[in-house]
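Dear colleague,

Please find below the structure that I promised to pass on to you. My notes on its domains and its ligand follow.

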Amino acid sequence: MPDALDATPYDALLLLSFGGPEGPEDVVPFLENVTRGRGIPKERLKEVGQHYFLFDGVSPINGQNRALIEALREDFAGHGLDLPVYWGNRNWAPYLTDTLRRMVADGRRRVLVLATSAYASYSGCRQYRENLADALATLQGEGLDLPKIDKLRHYFNHPGFVEPMIDGVLRSLADLPEDVRDGAHIAFTTHSIPTAAADTSGPVEAHGEGGAYVEQHLDVARLIADAVRERTGVDHPWRLVYQSRSGAPHIPWLEPDICDHLEERHAAGVPAVVMAPIGFVSDHMEVLYDLDTEARAKAEELGLPVRRSATVGADPRFAAAVRELVLERAATERGQAVTPCALGALGASHDVCPVGCCPSRAPRPAAAGADSPYA
Ligand SMILES: CC1=C(CCC(=O)O)c2cc3nc(cc4[nH]c(cc5[nH]c(cc1n2)c(C)c5CCC(=O)O)c(CCC(=O)O)c4C)C(CCC(=O)O)=C3C
Ligand SMILES: [Fe+2]
């Protein structure tokens, strides 16, 4: 077998995700799992529950992850890469701890983790690493022999993540009425987080206003906007904006919100907007409700034509990117020199989260990083 398809030392890939309810009776226990100890106002929880009930209590995220796993298995098999793919979630079945226990029973000793979050932030990175530490602690308590776990680097600037989104924005532009198309504004969206969390996102040297979180999103937005200009010959104005804010109103979160932004751009005379949710890996509830339902209603009220572009989901180019990331990391672990693949101005992200990366308000053990208490 050619050297390039060797995942040694890894013997499994673990897709680590958020999880979501699969029916009305799941919604409240799911939200309790999500918000345990996170200080989210009751009012907000009631409201978010309604978003899920609007879709019969079914979040699209689990289906999206099943489709991604299928795409990964197909890609790996098609390239002769023999690496089993497992799936575990933070907030809903299949739960991470149960999956990891099964992996141990299957004899997996070196696990590589793919989180369904492309960027640096507490919620998108360290919190998953804390979930891994919690799961390892539980298995250790059961007397099991713990596997060694590594996490794939942030892939926000990998071409297999960016290129499907460029196509998505081009499709959305082409779908707008011709008379407003060239004047369309692009609103790149991502999850709002507390400004304090944004400022401390990424490695310590990237801390500062907006931190790595905002910097990484701006890099991706710029890449997409540049590619769109090259392909259409039109220089569409754009801005990075935020969605899905929760938390208490007196705590500052990243702004502007997409709905306020639509209002403000409409007042400024913009004839149409493409909403491009670059912060998300699939069309889950934050996309289907916060953009496709809430923001779209706002645009209709304004009489502003809008389109929402696709996330990468199970795009085969994304599956191929994951394969490349796995092979790249495996080679690095074997001590081989690799040139990590990345677009944009920031370069490839670190393989191992350094000490102090994306700190939480209340420090807890986190696995798969330089400050992991596990081997
Ligand atoms: C950065 C980020 C991502 C992107 C990176 C990644 O993907 O990881 C993300 C993804 C997601 N967030 C999701 C759902 C929720 N997030 C909440 C709450 C929060 N998210 C936050 C941040 C993020 N969240 C934060 C700072 C909070 C406040 C509470 C806290 O500090 O922890 C709440 C509580 C209610 C509320 O909205 O207030 C829910 C229900 C779903 C599932 C959707 C589905 O079901 O399809 C997904 C993929
Ligand atoms: Fe969230």
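Domain bounds here come from an automatic or database domain assignment. The model is a predicted one, and for this chain the assignment gives domain 1 (3-155 + 314-333) and domain 2 (159-308). The C-alpha centres of domain 1 and domain 2 lie 25 Å apart.

Where the domains touch, domain 1 contributes 27 residues to the contact and domain 2 contributes 23 residues. On the side of domain 1 that touches domain 2, the elements giving two or more residues are H2, helix H3 (61-78), H5 and helix H12 (316-333). Of these, H12 supplies the largest share, four residues. By residue class, this side of domain 1 divides into 15 nonpolar, nine polar and three charged residues.

I turn now to the ligand. Ligand 1 lies between the two domains, because domain 1 and domain 2 both give residues to the shell around it. There are 26 residues around ligand 1, and those that come nearest are Gly20, Ser59, Ser246, His284 and Met285. Two or more residues of this shell come from each of helix H1 (27-35), helix H2 (42-53), helix H5 (122-141) and helix H11 (285-302). H1 gives the largest share, three residues. The shell around ligand 1 is made up of nine nonpolar, 14 polar and three charged residues.

Two helices appear in both parts of this account: H2 and H5 give residues to the side of domain 1 that touches domain 2, and they also give residues to the shell around ligand 1.

With kind regards

Notes. Residues are numbered from 1 along each chain as its sequence is written. Chains are lettered from A and ligands numbered from 1 in the order in which they are written. This is a predicted model: local features need pLDDT of at least 70, side-chain atom pairs count only at pLDDT 80 or more; totals for chains, interfaces and linings use all residues. A residue is near a molecule or strand if its C-beta atom, placed from the backbone, lies within 6 Å of it. Ala, Val, Leu, Ile, Met, Phe, Trp, Tyr, Cys and Pro count as nonpolar, Asp, Glu, Lys and Arg as charged, and the others, Gly among them, as polar. Two residues are in contact if their C-beta atoms, placed from the backbone, lie within 7 Å.
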